[in-house]
Amino acid sequence: MKPYTPGEQPPPGKFIKLNTNENPYPPPAAVVDAIRSAATGPLNRYPDPVATSFRRAAAEALGLPGPEWILAGNGSDEILTLLVRGFVGEGERLRLPYPSYILYRTLADIQGAAWEQTPFVDDWKLPAAFGQSADDLKLVLLPNPNSPSGTIVSPEQITEIASTLTCPLVVDEAYADFAQQNCIDLVQSCDNILITRTLSKSYGLAGIRFGFLIAKPEVIAELGKIKDSYNCDAISIAAATAAMHSQDWLADVVTKMNLTRERLTAELAELGFRVTPSHANFVWCQHPSGRHAEIYEYLKRNQILIRYMDFPDWGDGLRISIGTDEQIDACLLMISRAIQSFA
Ligand code: PMP
């Protein structure tokens, strides 16, 4: 087994943490109130196994017909695990683009299944081959916006890809709240499009562990049979429900973070980086010196954590999560010093 290695999670306070695409801002006050009130509830009792309050709130916030279109999970990573467990058998295959979210490969490995990567072409465009069907191909996964690039594929192209596939196409929308588009409508209009979402990024709740699947009710019902009975706890369900009721807070925080992202993009370009225009809460950048690992190490020595990523047969670069403006200023200053130190 080759394990998936998540980003570093150091003890709080030691680093300016710009490495795992969390929200630098705390969640809305209503969420903290809901957690307090859930903590005084009947914790000796099991939670609602299907997180009904959350699913109702999410269906309303997202304009879905009802809660039966939603399955709640312990982070979207659990939802992805359920999807691979449910759709891909031993010896069968899943497909993902490259470079993208490496966890999908690990999930296939755990299942005794195979995975196949379709490289992005021409600066993060998806080739038509991504939609080619095959008998043993049982699941196709597409992060949109993609990580580490922050780039998006249009709903029109996603519809086209889905129409040529004979298996489900999962659009992983972990970062979609930061983009100007999403594929939620497609779940109702296309038979084989499913969407995963998380509360770890835009909602500022990575510590709560909550994610969900949006799919046709019959798919939700079947996948519900293979989840742990109580996969979401009472406190998380209360927090996530309050988060879905906080759509104004969400719009404000996304606007603020997107402004910071545009400033970071412009200032990295000033420092000579090639920055991929991002629709997520992080940016992918490459410096002409190619000394990405050294820049990462220099920042780490100075208590700033970003992500160095090296994709075999493709290349390496730096992924920087959007922090507060002060954190991004500190990061930019340290990057400029790192580059100067090479001169
Ligand atoms: N999908 C993508 C593309 C991600 O980058 C992440 C974060 N690592 C996740 C899903 C999982 O997020 P979570 O389990 O916190 O919901």
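**Burial, domain contact and a lysine in a predicted model**

Biologist: Which residues of helix α4 (residues 103-110) are buried?

Modeller: This is a predicted model, in which local features need pLDDT of at least 70 and side-chain atom pairs count only at pLDDT 80 or more, while totals for chains, interfaces and linings use all residues. Residues are numbered from 1 along each chain as its sequence is written. Helices (H or I, at least four residues) and strands (E, at least two) are DSSP runs, numbered from the N terminus. With buried defined as 20 or more other C-beta atoms, placed from the backbone, within 10 Å of a residue's own (exposed is 12 or fewer, partly exposed in between), the buried residues of α4 are Leu103, Tyr104, Arg105, Leu107 and Ala108.

Biologist: Against which elements do the buried residues of α4 pack?

Modeller: Contact here requires C-beta atoms, placed from the backbone, to lie within 7 Å. On that basis, the buried residues of α4 pack against α3 (76-87), β3 (93-98), β4 (114-119) and β5 (137-143).

Biologist: Is lysine 201 buried or exposed?

Modeller: Lys201 carries the UniProt annotation "modified residue: N6-(pyridoxal phosphate)lysine", from an unreviewed entry; such annotations use the numbering given here, with shortened feature names, and may be inferred rather than shown by experiment. The residue lies in the loop between β7 (193-198) and β8 (211-214). Because 26 other C-beta atoms lie within 10 Å, lysine 201 is buried.

Biologist: Which residues does lysine 201 contact, leaving aside its neighbours within four places in sequence?

Modeller: The sequence neighbours within four places are set aside for this list. What remains in contact with lysine 201 is Asn21, Asn23, Ala174, Tyr175 and Asn281.

Biologist: Which element gives the largest share of the side of domain 1 that touches domain 2?

Modeller: The domain assignment, whose bounds come from an automatic or database source, gives domain 1 (16-26 + 248-342) and domain 2 (29-246). In this pair, 24 residues of domain 1 are in contact with 21 residues of domain 2. Elements that give two or more residues to the domain 1 side are α9 (247-270), β10 (282-286) and β12 (307-311). The largest share, seven residues, comes from α9.

Biologist: How many bridges does β12 form with β13?

Modeller: Strands pair if DSSP finds at least two bridges between them, and β12 and β13 (residues 315-321) form a hairpin with three residues between them. In the turn, aspartate 313 has a positive phi of about 60°, and phenylalanine 311 is the bridge partner of glycine 315 in β13. The sense of the pairing is antiparallel, and the number of bridges is five.

Definitions and conventions
Contact = placed C-beta atoms within 7 Å.
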